[in-house]
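Me: I would like to go through this model by question and answer. Keep the replies short, please.

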Amino acid sequence: MQPVSPRVVELLNEALTFELTVTNTYFLHARMLDNWGLPKLGKVFYALSIDEMKDADAIINRILLFEGHPNLQRLGNITVGETAEEMLALAYESEKAAVKQFNAAAQECHDLGDHGTAAVFEEYVRDEEQHAEWFEAQLEAIKRVGVQGYLAQQIDASVPPGS
Ligand SMILES: [Fe+2]
Ligand SMILES: [Fe+2]
């Protein structure tokens, strides 16, 4: 099937770059958090990384539906957080950037007359809004209980490795 405009495939590829970048960032942060002895927060980053990978998968499928070429070579900058708090703050900023990018993409698709792809972007906007909200709440909790209090909740000493 042909897209209404080649621009639609470009917008999907830009979204794909975003999703692949956050997939890798969250995956790395998940393993760093595990390594720091903060596996509860690590699990959340891991689960989100899989979520973003599924978004990337769906975008690849849509590009192929339009007989376009999904660009898996391109990756954005991966900013590595040096502390758990910095990871949360970076993730919050990146989720807000996703909301902005996908809202603009949805609008552009509507303007081009591709309401189907616009609806896909709108669905992603809601997903990324929820992610942003979760990170915002974590930063809020840190403000209230302090970073030490927050991090103490992310330890899980109940399960030794390999069991
Ligand atoms: Fe996503
Ligand atoms: Fe997200």
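**Metal site and surface**

Me: Which residue does the UniProt annotation "binding site" cover?
Reply: The structure is a predicted model. The annotation comes from an unreviewed UniProt entry. Its residue lies in helix H2, residues 39–65. The residue covered is Asp51.

Me: Is aspartate 51 buried, partly exposed or exposed?
Reply: Buried means under 20% relative accessible area, and exposed means over 50%. Aspartate 51 has 35% relative accessibility, so it falls in the class between: partly exposed.

Me: Which residues coordinate the iron ion (ligand 2)?
Reply: Donor distances run from 1.9 to 2.5 Å. Along the chain, the donors follow the spacing E-x42-E-x32-E-x2-H. Glu95 is listed with two OE entries, and the histidine donates through ND1. The residues are Glu52, Glu95, Glu128 and His131.

Me: How many residues apart are glutamate 95 and glutamate 128, in the chain that holds the iron ion (ligand 2) donors?
Reply: Both coordinate the iron ion (ligand 2). Glutamate 95 sits in helix H3 (residues 84–112), and glutamate 128 in helix H4 (residues 115–152). The pair links distant parts of the chain, and the separation is 33 residues.

Me: Why does glutamate 95 count as buried?
Reply: The cut-off for buried is under 20% relative accessible area. Glutamate 128 is buried too, with a relative accessible area of 0%. Glutamate 95 counts as buried because its relative accessibility is 0%.

Me: Which residues coordinate the iron ion (ligand 1)?
Reply: The distances here are 2.0 to 2.6 Å. In sequence the donor residues are spaced E-x32-E-x2-D-x72-E. Glu19 is listed with two OE entries, and the aspartate donates through OD. The residues are Glu19, Glu52, Asp55 and Glu128.

Me: What parts of the chain do glutamate 19 and glutamate 128 tie together?
Reply: Glutamate 19 is buried, with a relative accessible area of 0%. It lies in helix H1, while glutamate 128 lies in helix H4. The pair therefore ties together parts that are 109 residues apart in sequence.

Me: How far apart are the two iron ions that glutamate 52 bridges?
Reply: Glu52 appears among the donors of ligand 1. Glu52 is also among the donors of ligand 2. Glutamate 52 bridges the two ions, and their separation is 3.9 Å.

Me: What accessible area does the nonpolar surface patch have?
Reply: The patch is formed by Leu28, Leu75, Ile78 and Val80. Leucine 28 is in helix H1, residues 6–35. Leucine 28 counts as partly exposed, at 36% relative accessibility. Together the four residues have about 280 Å².

Terms used: Residues numbered from 1 in each chain as written. Chains lettered and ligands numbered in written order. Predicted model: local features only at pLDDT ≥ 70, side-chain atom pairs only at ≥ 80, totals over all residues. Heavy atoms only, no water. Patch = residues over 30% accessible without salt bridge, like charges linked within 9 Å, V, L, I, M, F, W, Y side chains within 5 Å. Areas by Shrake-Rupley, 256 points an atom, 1.4 Å probe, with all protein chains shown as cover. Salt bridge = Lys/Arg side-chain N within 4 Å of Asp/Glu carboxyl O. Helix = DSSP H or I, 4+ residues; strand = E, 2+ residues; numbered from the N terminus. Buried < 20%, exposed > 50% of the residue type's maximum accessible area, 1.4 Å probe, protein only. UniProt positions renumbered as here; feature names shortened; annotations may be inferred. Donors = N, O, S within 2.8 Å, 3.2 Å for Na, K, Ca; no water.
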